[in-house]
Amino acid sequence: MTGNRKYLLALLLALLLAFSAAPSIQAQPRHGGTLVVGISSEPPHLALSGPPTWAFYQIVRQIGNSLVSIDPETLEWQPELAESWQVIKERDGGMTIVFKLVRNATWHDGRKFTSADVKFTYEVVAPVFNSFVAYMVKSYVKSIETPDDYTVIFRFNTTWAPAFYPGYFGGSGINISPKHLYENTDIANNPYNTQPIGTGPFKFKEWKKGEYIILERNENYWKKGLPYLDRIIFRIIRTSPALTLAFEKGDVDFIWTYGLTISDAVGLQEKIGLGRLPGKRVWFFPSPGGSLDVVGFNLHPEGPAPLKDVRVRKAIAAAIDRHKIAEVVYFNRVEALDTVVSSAPAVAQYNPGVNQPAYNPALAERLLDEAGYRRGPDGTRFKLRLMIDSVSYPFYLKEAELIRDFLAQVGIVVEIVALDTAAWHERVFRNWDFDMSIFPFVHGPGPTFFIRYYTEKGIVRASWSNAMGYNNPEFNKLIFAAEYEIDRQKEVELVRKALKILVEDQPAVWTCSRTFVAAVNLDFSDELAPGAWENGMGTGYLNLEKIYWVKAPVRTEVITVERTMIQTIIQGGTTVMTTVVKSEVVTVTQPTQVVTQVVPEWAIAAVVVAVVVAVAAVSFAVSRTRKPKT
């Protein structure tokens, strides 16, 4: 190989190195697009600090921000309006949480967000709309202090673990409200309850009663570059068949659980499988909050005598085929339960490792005999009433019929009493006039719901309470201790020990996890916030600021740039460098597509070195070719 060829080869290798090490530019989602969400009922209001249900919280979650976000898998706090926090366990047994707030957040009307808004929200606005916050502030918070505009301090009279779960400082139901728009007003009837002003990624635009609610992109959102969508439209479509048809036709891009029946969702899945609905997805997932179907027993003194015996309760658990319920009632889209909690992230950590009896009619027969309830001449042992809410939970009628048939096989006669929602609440929760009932209980996150449904504190004549009357002092002691333990691992261990007692006592049969469903047009992506469809449009753990439309066109926009120049002034032999900000404006037209450098700094350095080597090689090769031959 001649010398020149060697030099040319060196040059080629250097250039290849330069190109291979060059920073690659990766395109990010473009801005634009309208997401249409189907909802089955109309909110009573859009107050930021406490809508009554998850079905409505999915709307205001896009308009406002909470102090913290919640990781949907770990349930750990993530920064939101609070960029950092400190938890202090005081010597007197109290607890202090110091939140440091972001400094660049503004309300949609342009006013600065400050700590005064947080204090006013928790002391004045939220207690009107949010029973969870009202309970926390009334029972556990001694004071809320604002030493400066960007610090807020919550002082508790005790350590209180539920504060760190969704519902109090983040997640479901609690956005910060603007003090300047609520102060000295009738909070419950403030006009901003129906046309809210928030700090969030989308601004309220219009609400046409009975038809739609429109949100538009907040172009001044404090998280720069977000959101991606131009607008979100919530269309009010009141029946499952109508929602299903709208989704099939493309009039609706997303549906989250409420309003869409399981049978209609399964039908959509089948059509997708047959290729009739390209570009769409429908899927089922466990309740994020650990919600399940609970067949609860009346254990009050005036309740049925057979249910006082734990062997009878275990027999009923063994007689019920929970897998058959999952198959027939829920199309195998739910989890048949072995124990008191499901595999949902909110409660899976609490699995006590103790199971209720598996389906075993022979075991049920033996336990009933041992308890002294042998079959009579007609083959029956005793009779129980099973009360259900067949209006809000129409699928409970099928579940009740299956339970009736299962128990008939072991000699227990079941009478199904189907009531409307109001009558069911009256008979079951207020009068305790039932033998068994199917409850849609939420078990997580945290110990709060276990306390409400299974301890002496919950034995009150009020909806969503311990209507069963279960009361075990040993269980109470452990679960009450868990409520005040802010060390997460210690709290989990206490709850596990308590739930082991609960499963052994069998005050109920935990049949299936409740299932949620989502239907989405795949033209919209959640790849930048995985789980947003499941946890953003219902539980409020996430918002939709990172959802983007994959078909958004490349657009151009005019950006105003403030020009900064350096002037050099010579004074007495000394050079003084002075930075002067010019008042003139420069406009740059560029695509709105954002690019990000995805190569580390060392690669950039490698490019520089490679270019230097290449230039040197070229120079040397040129000099060799010009050198006269001897």
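Helix α14 spans residues 473–483, and seven of its members lie buried in this predicted model: Phe475, Asn476, Leu478, Ile479, Phe480, Ala482 and Glu483. What hides them? The cover over these buried residues includes α4, α13 and α15. At the start of α14 there is also a polar touch, where a side-chain oxygen of Asn472 comes to within 2.9 Å of the backbone nitrogen of Glu474.

Here are the helices to look for around α14.

| Helix | Residues |
|---|---|
| α4 | 131–139 |
| α13 | 448–454 |
| α15 | 488–505 |

Helix α15 is worth following further. The largest nonpolar core has 185 residues, and α15 gives the most to this core, with eight residues. Within the core, the residues that touch the most other members are Leu67, Phe99, Tyr122, Phe156, Phe169 and Tyr454. Take Phe169 as an example: leaving aside residues up to four places away in sequence, its contacts include Leu67, Phe99, Tyr122 and Phe156, along with Trp77, Met136 and Ile174. In soluble globular proteins, nonpolar side chains tend to be buried together.

Helix α15 also meets α8, which covers residues 310–319. Their axes come within 9 Å and cross at roughly 85 degrees. An angle from 65 to 115 degrees counts as roughly perpendicular, so α8 and α15 are roughly perpendicular to each other. Val310, Arg313 and Lys314 are the α8 residues at this meeting, and Val503, Glu504 and Asp505 are those from α15. Sorted by class, this contact has two nonpolar residues, four charged ones and no polar ones.

How values were computed. Residues are numbered from 1 along each chain as its sequence is written. This is a predicted model: local features need pLDDT of at least 70, side-chain atom pairs count only at pLDDT 80 or more; totals for chains, interfaces and linings use all residues. Side-chain values use heavy atoms; hydrogens and water are left out. A nonpolar core is a set of buried Ala, Val, Leu, Ile, Met, Phe, Trp, Tyr and Cys residues joined through side-chain atoms within 4.5 Å. Buried means under 20% relative accessible area, exposed over 50%, partly exposed in between (1.4 Å probe, protein chains only). Helices (H or I, at least four residues) and strands (E, at least two) are DSSP runs, numbered from the N terminus. Contact means heavy atoms within 4.5 Å. Axes are lines fitted to C-alpha atoms, for helices over the stretch in contact, and angles run from 0 to 180 degrees between N-to-C directions. Angles under 35 degrees count as roughly parallel, over 145 as roughly antiparallel, 65 to 115 as roughly perpendicular and the rest as oblique. Ala, Val, Leu, Ile, Met, Phe, Trp, Tyr, Cys and Pro count as nonpolar, Asp, Glu, Lys and Arg as charged, and the others, Gly among them, as polar. A polar contact is a pair of N or O atoms within 3.5 Å; within protein, one must be able to donate a hydrogen and the other to accept it, and residues adjacent in sequence count only if both atoms are side-chain atoms.
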